[in-house]
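Q: I have a structure open and want to learn how to read it. Where do we start?

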Protein chains: 2
Amino acid sequence: MDDPGNGGHAALVQLQAYLAQMDHAGETRLPAERELSESLGVSRGDLRKALAVLEKDGRIWRHVGRGTFVGSGPVEETIGISEIAGRTNPADVMRARLIIEPEIAREAALHATLSDIASMRQSLVQTRDAGTWRQYENIDNLLHRQIAQASRNNVLLGLFDVLNAVRRTVVWGRLRSEGTRPPADHHSFADHERIVEAIAERDLGGAAAAMRLHLQQVERRLIPVREAAE
Amino acid sequence: MDDPGNGGHAALVQLQAYLAQMDHAGETRLPAERELSESLGVSRGDLRKALAVLEKDGRIWRHVGRGTFVGSGPVEETIGISEIAGRTNPADVMRARLIIEPEIAREAALHATLSDIASMRQSLVQTRDAGTWRQYENIDNLLHRQIAQASRNNVLLGLFDVLNAVRRTVVWGRLRSEGTRPPADHHSFADHERIVEAIAERDLGGAAAAMRLHLQQVERRLIPVREAAE
DNA sequence: AAGGGAAATCATATGCGAATTGGTTAAATT
DNA sequence: AATTTAACCAATTCGCATATGATTTCCCTT
C-alpha cells in the first residue's frame with residue numbers, strides 16, 4: 001500500500017470519499033490545499049495530483065486565490081464588456097444586432113403591453129424633437145431598449161444590454177459633427193415608426209422585418225458599401 | 001451680473017466653457033465638485049444646478065463615489081450574470097437560445113475553418129464515450145461553444161457565453177440522477193451530428209434548422225408539453 | 001545519487017478599512 | 001431672505017493585508 005506511485009492513487013480515493021461526503025452537505029467549496037492535505041493525511045503533492053485528475057474530469061474547478069469548488073466550476077459571475085469589445089469590430093457588432101434585434105422586435109409584438117407601446121410612441125415624438133445628435137442618440141438608445149423590454153423576456157433584455165454596451169464601446173468616439181441636428185427626413189424616423197406600428201398591430205413578422213430593414217440602413221450608413229460580399 | 005438667480009446661469013456658462021476645453025483633451029472625467037466649484041469660482045450649489053442641467057441634457061453623467069463624466073455616461077463595464085438570472089426562468093432562457101443559437105450555427109457554417117470542424121467532430125465522439133451525465137454535459141457545453149467560436153464573430157461568442165452562464169445559473173442544481181450514463185439512443189447524439197455535418201457541408205440553412213430542431217427537443221425535455229401555446 | 005515531501009516563493013483573488021465623491025441637510029453669513 | 005458654507009450621508013474606489021492555488025527550491029530518506 002505504501003508503494004511509491006500508489007500514494008497518488010490513495011489520495012485520489014480519500015479525496016473522492018471526501019467529495020461524496022461533502023457534496024451531500026450542499027457545500028461547494030472545499031478547504032485549502034494546505035489544510036486538506038493535512039486533514040486527509042496525504043502530502044500536498046499527492047493531493048494536487050488527485051485534484052488534477054478530478055479537474056480534468058470536470059468534477060471540480062480550481063482558481064488561484066479563490067479556492068477549489070465541486071461541480072462544473074463556479075459560473076463566471078460577471079463578464080467584462082471591454083473583453084468582448086477589445087476583440088471585435090463594428091461589422092461583427094452589426095451582424096449580431098441584425099441577428100437578435102429583429103427577433104426581439106418579434107417577441108415585443110407578441111408580449112408588449114399597452115403601456116409599453118405608449119412609452120415607445122412618446123420616444124418617437126422625442127426623437128423628432130431632438131435638438132442635437134447627442135440627444136437623438138440617447139433617445140434612440142432608449143427606444144431600442146424599450147422594445148427589448150417589451151419582449152417581457154429578461155434574458156433577451158440582458159443580452160440586448162450586453163450587445164448595446166459592446167456597441168457603444170466599439171464605436172466610441174465616432175461622434176457625428178457636434179452642433180448639427182438630425183435632418184427632418186432622416187431615415188430612422190420612418191423606420192422607427194414602422195417598427196412601433198407593427199408592434200402595436202401585433203404584426204410579428206412585420207415588426208421583425210421592419211427592424212431588420214432599419215438595421216440594414218444603419219449598417220449601410222456605418223460601413224461603406226460592399227454589395228458583392230452578400 | 002451678480003444678480004441673485006443669475007449665479008446659476010453664470011456657473012452654467014463657465015462650466016460649458018470648461019467642458020469644451022476639456023473635451024478636446026480626451027479626458028472624460030472632470031474634477032470633484034468641491035474642487036471644481038473652487039476652481040471656477042462659483043458656489044457648489046450653483047455648480048450642481050448647472051451640472052443637473054447638463055445631465056438632463058445627456059451631456060454628462062454622474063455617479064456617487066465615482067465622479068462626473070462627459071458623454072452619455074461611462075458604459076457599464078461589467079454586467080452581472082445573477083442580475084439577469086435572478087429575474088428570469090428556464091422558459092425565457094430556452095426562448096433566447098432558440099433565437100440566437102440557430103443563427104450562430106448559420107454563421108458557423110459560413111465561417112468555420114477545417115480545424116474548427118475537426119474539433120467539433122472530436123467532441124462528437126467524446127459525447128458518445130461519456131461515462132457520466134456530468135461528463136456528457138461538460139462536452140455538450142464544449143461542443144455548443146465550439147460552434148459559437150466557429151462563427152468567427154466575437155460578439156456572438158460573447159453573447160453565447162453570457163447566455164450560457166445565465167442558463168447554468170437558472171437551472172443550477174437540476175442535475176440528472178448521478179451514476180447513470182446517457183443512453184446510447186439519446187436524441188442529442190443524432191442532433192449534434194446533423195448540426196456538425198451541415199456546418200461541414202456549408203449548408204447554412206441546414207445548420208440553423210438542425211440546431212433549432214435540437215433545441216426544441218431539449219425544450220420539450222425540460223419543460224412539460226404545452227402544445228397550445230404555439 | 002535519486003525520489004519524494006516539506007517549505008519557501010509567486011501570482012492572483014478576496015476582505016476590510018480609509019479615503020473619495022456625488023447627494024442631502026443644517027448652520028452661518030451677508 | 002436668500003445664498004453660501006459647512007457638516008453629514010451613502011455609494012464607490014483604492015491600498016494593503018490576507019488567503020489561495022501554482023511553481024520552485026531545499027532537504028531528508030532510502
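Q: Which residues of helix α2 (residues 33-40) of chain B are buried?
A: Bear in mind that this is a predicted model. Buried here means under 20% relative accessible area. In α2 of chain B, that holds for B:Glu33, B:Leu36, B:Ser37 and B:Leu40.

Q: Why do the buried residues line one face of the helix?
A: An α-helix has 3.6 residues a turn, so residues three or four places apart point the same way. Look down the axis of α2(B): its buried residues fall within an arc of 100 degrees, so they line one face.

Q: Which exposed residues does the face turned away carry?
A: That face of α2(B) carries B:Arg34, B:Glu35, B:Glu38 and B:Ser39.

Q: What follows α2(B)?
A: B:Gly41 follows, with a positive phi near 75 degrees.

Q: Now the DNA. Which residues come nearest to DNA strand D?
A: A residue counts as near if a heavy atom lies within 4 Å. There are 20 residues around strand D, and A:Glu33, A:Arg34, A:Arg44, A:Arg48 and A:Arg62 come nearest. By class, the surface has 10 charged, seven polar and three nonpolar residues.

Q: What parts of DNA strand D lie within 4 Å of the protein?
A: Sugar or phosphate supplies 59% of those atoms, and bases the rest. For a base, take A:Arg44: a side-chain N or O atom is 2.9 Å from a base nitrogen of strand D. For phosphate, turn to chain B. A polar side-chain atom of B:Ser43 lies 3.2 Å from a phosphate oxygen of strand D. The side chain of B:Asp46 has an N or O atom 3.3 Å from a phosphate oxygen of strand D.

Conventions: Residues numbered from 1 in each chain as written. Chains lettered and ligands numbered in written order. Predicted model: local features only at pLDDT ≥ 70, side-chain atom pairs only at ≥ 80, totals over all residues. Heavy atoms only, no water. Polar contact = N/O pair within 3.5 Å; in protein donor to acceptor, adjacent residues only side chain to side chain. Nonpolar A, V, L, I, M, F, W, Y, C, P; charged D, E, K, R; others polar. Buried < 20%, exposed > 50% of the residue type's maximum accessible area, 1.4 Å probe, protein only. Helix = DSSP H or I, 4+ residues; strand = E, 2+ residues; numbered from the N terminus. Arc of directions from axis to C-beta.
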